[in-house]
Amino acid sequence: MNVRWAGAAAGTLVLAGCMSGGRPVVPRETTTACDWTGAAWIGDGRPLPATDADFYADDPAPQFRRAFAVDGRVRSARLHIAGLGLYEAHLNGRPVAPDTLLPLWTPFGRRVLFDTHDVTPLLNGGTNVLAVTLGNGWWNPLPMRMWGRFNLRDTLAVGRPCLIAVLEIVRADGRTERIVSDTSWRTAPGPILRNSLYLGEVVDARRATPGWREAGFDDAAWTPAASASGPAGALVPRDAPPVAVRESWPARSVREPMPGVYVVDLGRNFAGWARIRLGPGKAGETVKFLYGELLHTNGTVNGMTAVCGQIKRPGVGGPGAPAVADQRDVYVRAGGDETYTPRFTWHGFRYVQIEGLARAPAPADVTALALASAVPEAGSFECSNPLFNDIHRVCRDTFLGNLLGVQSDCPARERFGYGADIAVSAEAYLLNFDMRSFYAKTLQDFADEAADGWFTETAPFVGIAARGFGGRSGPIGWTVGVPVLLGELVRYHGDRDLVARHYDACARYVDLVAAKHPDLVIPHCIGDHEALEKAPESLTATAHFHEWARRVAEFATILGRDADARRYADLANRIGAAFRAKFVAGGRIGQGRQGEQAFGLYHRLVPDADRAAALELLAQALAAKDGGPSTGIYGTRYLFEILAAEGMDDRAGAMVSRREFPGWGFMLDRGATTLWENWKGSDNTFSQNHPMFGSVDAWLFKSVLGLAPAEDAVGFDRIVIRPNAVAGVTWARGEHRTARGPVRVEWRLDDGRMRLAVEIPPGSTARVWLADRKAWVTAGPGRHSW
């Protein structure tokens, strides 16, 4: 945001501009229904491997082509396509959706998202060729036993790669022609011999078939495509943004720690690909790539924090699995000056180790291609504190690195949509990006997996279930991501329709939990994951049961279901009473440590008469740790919320300013370019790209900049602006783009006085705290300054 000060005599702020629209470039596409009449799922006709070990043998990615003629002028052409697990489509040799990773992952047994591409500019007069290559993706994963137990093939809807497509061509005279997927298509194996989201690709470029995507190619030696059963899920048009290359940049450096071993530093941790110019080479030469987040002390790549499911020794991953399930690609050269970019995988990494080149690559030969869902930019933040700016940047990079169709916990070793990680970081995501359609998909993923009434720990569900519940239920602290998301989407985007769509499922879940635990105390959960002082699981789980009931009561009120609202509000009160009876004594919650105090205070489970004492105990618990956090995934977010709500942002500012362990500055001073999974860091186990401590970014927006929707906002119609000059911050500026228009805030200290300028969009009102007057004022649409 460009902001200028008016003349010194005026002494007022004038908002002169706004954030440049940094939206990602995405393929030309539309969202529309499709008539699938005549179209069939097709594949290459090969059976699935007979044994688990056989899945690790070469199984070339199948290629499909269909030639057709176009005569006369064309008004429009649209390609509707779903290709599982991943697809790459070309029309006349030109990519239909360049630099994308499609389709999005959903519970394929219930719902498959198809893409619609406007391909009018790609059509030729005369003979045309539609060509598709299929990868395995989440539809055909390897049978690796993650953590020695969980085989994705036991839980996910799986099968051989297959596609369904309809190309609709509307001629200038209004006549329509349809090219559909059927057994008239031709298929042959391609040069991608193996592809796995976790283990990477093996490509033999000598097996590439020049010209197969274009007219004039002789496909007589190819075989007819075979009918395939395909997934059971309904075909639904994709509304959520595609996964696409969002950013690219050249490598920072290339080093040679050992003869012939080249280590490329891309400068920061991210999710995506590296495009690597290999230089001249001979046919049959093999180039190997190893990706990792860290380096060993000898300068070689350390891939251990990105190993799939902690498979790090022989036998853990099951028959045929590698001893170490790290991220690797292999490229067998066709000869000449070649460039390699992976296609049906992605990696979470900063460094790539290359072996098999005749010469060292230059930094300019390697380009980082960062993949992320193409969510529009929605927020900006900047202040006078360089550490706070760095933390904001690192949070954003972490968020985008975990946004590939699902919001993941990490982009390398797990890649799953865990509900707790979503719950604690959703508001920070919403402040930075327009997440409306992305999160609508997330909620539907969870709803699709809750057919038995129990919400799962991850969506799509990957087989991890909780103790003490039913069916496939996840721990309640992870399922609570569903109502948290619904509530935030009402505040930020006014999405009452999503509440209506998912209300019955939410109410049913709460009823199931209440029936399973009639004493209303939930004994088990994962709890405050990665806390240094972990609150008891039963304390955190019961607090989250209370949140479930409270939010369902609020949803019932939104929908006008008054009887339900009373019933669930009463249930929430009874859960609160059970919580207080078991965990609260005066102002002390549990043992009175940070996480326990934060849970009780945030969920308002402390009697009003004891709240002051509880806050004092929280302050003491912070002081006992020299102002640093001892909390985990939830407690950290709750700390920020409580400190802000109670006028204790100075303590939050001191906590975020720390460079000692534990803290965000500690991470950054040790080279972190994305957030760690734990406070201590790790060179062997824990992810280096994990959003769960990203709740700090919401605090930067809401408390330092001072910009937030009111708690009772519907689509940002009510705004709270309350800047805080904490931790030595002397100015801040930023904005959030709402559906009503941008909310902009800038403030700075001038001789101890806070000068403030705001802009409020049409249809919104703001309560603005004037620190110098120690008073609230109301501001309507337009620009205001004090």
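This is a tour of selections to make in a predicted model, going through two pockets, a helix, a sheet, some cysteines and a few backbone details.

**The largest pocket**

Begin with R491, E641, A645, K702 and E711. These are the residues closest to the centre of the largest pocket, among the 44 that line it. The space in this pocket amounts to about 1,300 Å³. To see what builds its lining, colour helix 2 (419-432), helix 5 (481-493), helix 7 (537-558), helix 9 (594-602), helix 11 (633-645), helix 14 (695-705) and strand 37 (707-709), each of which supplies at least two residues. By residue class, the lining holds 20 nonpolar, 7 polar and 17 charged residues.

**Helix 11**

Keep helix 11 selected, since the largest share of that lining, 6 residues, comes from it. How many of the 13 residues of helix 11 are buried? The count is 11, and the helix is mostly covered. The buried residues run through I633, Y634, G635, T636, R637, Y638, L639, F640, E641, I642 and L643. A distance check between the end C-alpha atoms gives 19 Å; at 1.5 Å a residue, the 13 residues should span 18 Å, which agrees. Step past the end of the helix to G647, which follows helix 11 and has a positive phi, near 70°.

**The second largest pocket**

Move to the second largest pocket, with a volume of about 770 Å³. Select E88, I192, R213, T341 and R343, which are the closest to its centre of the 30 lining residues. Strand 7 (86-91), strand 18 (200-204) and strand 29 (338-340) are the elements giving two or more residues to this lining. The largest share, 4 residues, belongs to strand 7. Here the lining divides into 17 nonpolar, 8 polar and 5 charged residues.

**The sheet with strand 7**

Stay on strand 7 and show its sheet, an open one of 6 strands in the order 8-7-11-5-16-19, with antiparallel pairing. Which strands stand at the edges? They are strand 8 (94-95) and strand 19 (223-224); each has a single partner strand, so one side of each is left without a neighbour in the sheet. At the strand 19 edge, look at strand 16 (residues 186-189), which pairs with strand 19 in the antiparallel sense over 2 bridges. R186 is the residue opposite P224 of strand 19.

**Cysteines**

Next, display the cysteine sulfurs; the structure holds 0 disulfides. Why is C383 not bonded to C395? The sulfur of C395 is the closest cysteine sulfur to that of C383, but at 13 Å it is too far for a bond. C383 counts as buried because its relative accessibility is 2%. C506 is in no disulfide either, and its nearest cysteine sulfur, that of C525, is 17 Å away. C506 is buried as well, at 0% relative accessibility.

**Backbone details**

Finish with four stops along the main chain.

- L84 to G85: this peptide bond is cis, with omega near -5°. G85 sits in the loop between strand 6 (74-84) and strand 7.
- A459 to P460: a cis peptide bond, with omega about -5°. P460 is in the loop between helix 3 (436-448) and helix 4 (476-479).
- D99: a residue other than glycine with a positive phi, near 60°. D99 lies in the loop between strand 8 and strand 9 (100-101), and is partly exposed at 46% relative accessibility.
- A727: phi is again positive, near 55°, in a residue other than glycine. The loop between strand 38 (718-721) and strand 39 (731-738) contains A727, which is partly exposed, with a relative accessible area of 34%.

Notes:
Residues are numbered from 1 along each chain as its sequence is written. This is a predicted model: local features need pLDDT of at least 70, side-chain atom pairs count only at pLDDT 80 or more; totals for chains, interfaces and linings use all residues. Side-chain values use heavy atoms; hydrogens and water are left out. On a 1 Å grid over the protein atoms alone, a cavity is a set of points where a 1.4 Å probe fits but cannot get out, and a pocket is an open set with protein on both sides within 12 Å along at least five of seven lines; lining residues have an atom within 4 Å of a point. Grid points are joined across faces, edges and corners, and a volume is the space filled by probe spheres set on the points. Ala, Val, Leu, Ile, Met, Phe, Trp, Tyr, Cys and Pro count as nonpolar, Asp, Glu, Lys and Arg as charged, and the others, Gly among them, as polar. Two strands pair if DSSP finds at least two bridges between them. The expected span of a helix is 1.5 Å times one less than its number of residues. Buried means under 20% relative accessible area, exposed over 50%, partly exposed in between (1.4 Å probe, protein chains only). A disulfide is a pair of cysteine sulfur atoms within 2.5 Å.
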